[in-house]
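Colleague: I'm new to this one. Can you walk me through it?
Modeller: Sure. Let's put it on screen.

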Amino acid sequence: MERTGVVLRRGNYMEGNMAALLFLKDSGTTWVYIPGASRGSVRFGGALEPLVWGRYQLYQSKRRTYIKEVEVAEDFCPLRRRPAAVIQAVRWAKLLERCLIAGYPYNDLLALFYWAQKALLEGVSPETVNARFLWRWLHSWGIAPDLYHCSSCGCLLDGSAGWFHNAFVCSACNPAASMHKIDLFAEY
C-alpha cells in the first residue's frame with residue numbers, strides 16, 4: 001500500500017533495526033519498522049528523519065507494518081536553520097504523537113500540520129503559527145473557544161475579551177478579568 005505523510009519520530013530498537021512513527025493520510029499515526037536500517041544494510045538516507053514528508057510504500061505482515069520504499073516529497077531542511085521554528089515544529093510532532101489515536105485518520109489535521117510548517121518556512125513567527133495551528137486543530141475537533149461571542153451572556157465581543165474558566169468573556173460578565181485584544185485569525 002502507498003501512503004503520503006510525515007515522520008513524527010524515529011528510533012532504534014532491537015539489534016540494529018529501526019522504527020519510525022509516521023502520520024499518514026487515511027491511516028493516522030502508524031509505527032513502521034525497518035529491519036537492518038541501523039546496521040546499514042537498509043538505507044533510506046534522510047528520508048526517515050523527523051519532519052520529512054514523503055510517499056511511503058508499506059507492507060503489512062501479521063504483526064507489523066514495514067517500509068519498502070520512501071520517496072521524499074518535502075524535507076523542510078531550510079527550516080532547520082531557524083531554531084525557534086524547528087523547535088515549534090518538533091513540539092507539534094510530540095503533541096500529535098501524544099494526542100492522536102493510532103490508526104485513526106486525521107486528514108484535515110495532517111494538512112494543517114503541513115501548512116503550519118510551510119508558514120514557518122516562509123518566516124511567519126512561530127508564536128503566530130502556533131496560535132493558529134492550535135486553534136484550527138481545536139476548531140476541527142469542535143472544542144475551540146468562540147472568538148466572537150461571550151461564553152457567559154452570548155453578546156458579541158468587540159475585539160477584546162477576558163479569559164475566564166477556559167473561555168472568552170466580555171467585560172460586563174467579568175469586570176475583574178484583564179481584557180486582551182483578540183486577533184480574529186479564525187476566519188476561514
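Modeller: One thing up front: this is a predicted model. Where shall we start?

Colleague: With α2. How many residues does α2 have, and how far does it reach?
Modeller: Helix α2 covers residues 107-121, which is 15 residues. From first C-alpha to last it reaches 21 Å, close to the 21 Å expected at 1.5 Å a residue.

Colleague: Which residues of α2 are buried?
Modeller: The buried ones are L109, L110, L112, F113, Y114, A116, Q117, K118, A119 and L120.

Colleague: And what do those buried residues pack against?
Modeller: Four strands and two helices, as follows. The strands are β1 (2-13), β2 (17-24), β4 (53-60) and β5 (65-74). The helices are α1 (83-99) and α3 (126-140).

Colleague: Let's stay with α3. How do the axes of α2 and α3 cross?
Modeller: They come within 10 Å and cross at roughly 170 degrees. That makes α2 roughly antiparallel to α3, because angles over 145 degrees count that way.

Colleague: Which residues make that contact?
Modeller: On α2 they are D108, L109, L112, F113, A116, A119 and L120. On α3 they are P126, V129, F133, R136, W137 and S140.

Colleague: How do they divide between nonpolar, polar and charged?
Modeller: The contact has 10 nonpolar residues, one polar and two charged.

Colleague: What comes just after α2?
Modeller: G123, which takes a positive phi of about 100 degrees.

Colleague: New topic: β3. Is that strand largely enclosed or left open, and why?
Modeller: Strand β3 runs over residues 28-34, and six of its seven residues are buried, so it is largely enclosed by the rest of the structure.

Colleague: In which sense does β3 pair with β2?
Modeller: The two pair in the antiparallel sense, over seven bridges. L24 stands opposite G28 in β3.

Colleague: What sits between those strands?
Modeller: Three residues, in a hairpin. In that hairpin, D26 takes a positive phi near 65 degrees.

Colleague: Now the sheet with β6. What is its strand order?
Modeller: The order is β7-β6-β8. It is an open sheet of three strands, with antiparallel pairing.

Colleague: Which strands stand at the edges?
Modeller: β7 (167-169) and β8 (180-181). Each has a single partner strand, so one side of each is left without a neighbour in the sheet.

Colleague: Last one: over how many bridges do β6 and β7 pair?
Modeller: Three. β6 spans residues 160-164, and G162 stands opposite V169 in β7.

Terms used: Residues numbered from 1 in each chain as written. Predicted model: local features only at pLDDT ≥ 70, side-chain atom pairs only at ≥ 80, totals over all residues. Heavy atoms only, no water. Expected span 1.5 Å × (residues − 1). Buried < 20%, exposed > 50% of the residue type's maximum accessible area, 1.4 Å probe, protein only. Contact = heavy atoms within 4.5 Å. Pairing = 2+ DSSP bridges. Axes fitted to C-alpha atoms, helices over the stretch in contact; angles between N-to-C directions. Parallel < 35°, antiparallel > 145°, perpendicular 65-115°, else oblique. Nonpolar A, V, L, I, M, F, W, Y, C, P; charged D, E, K, R; others polar.
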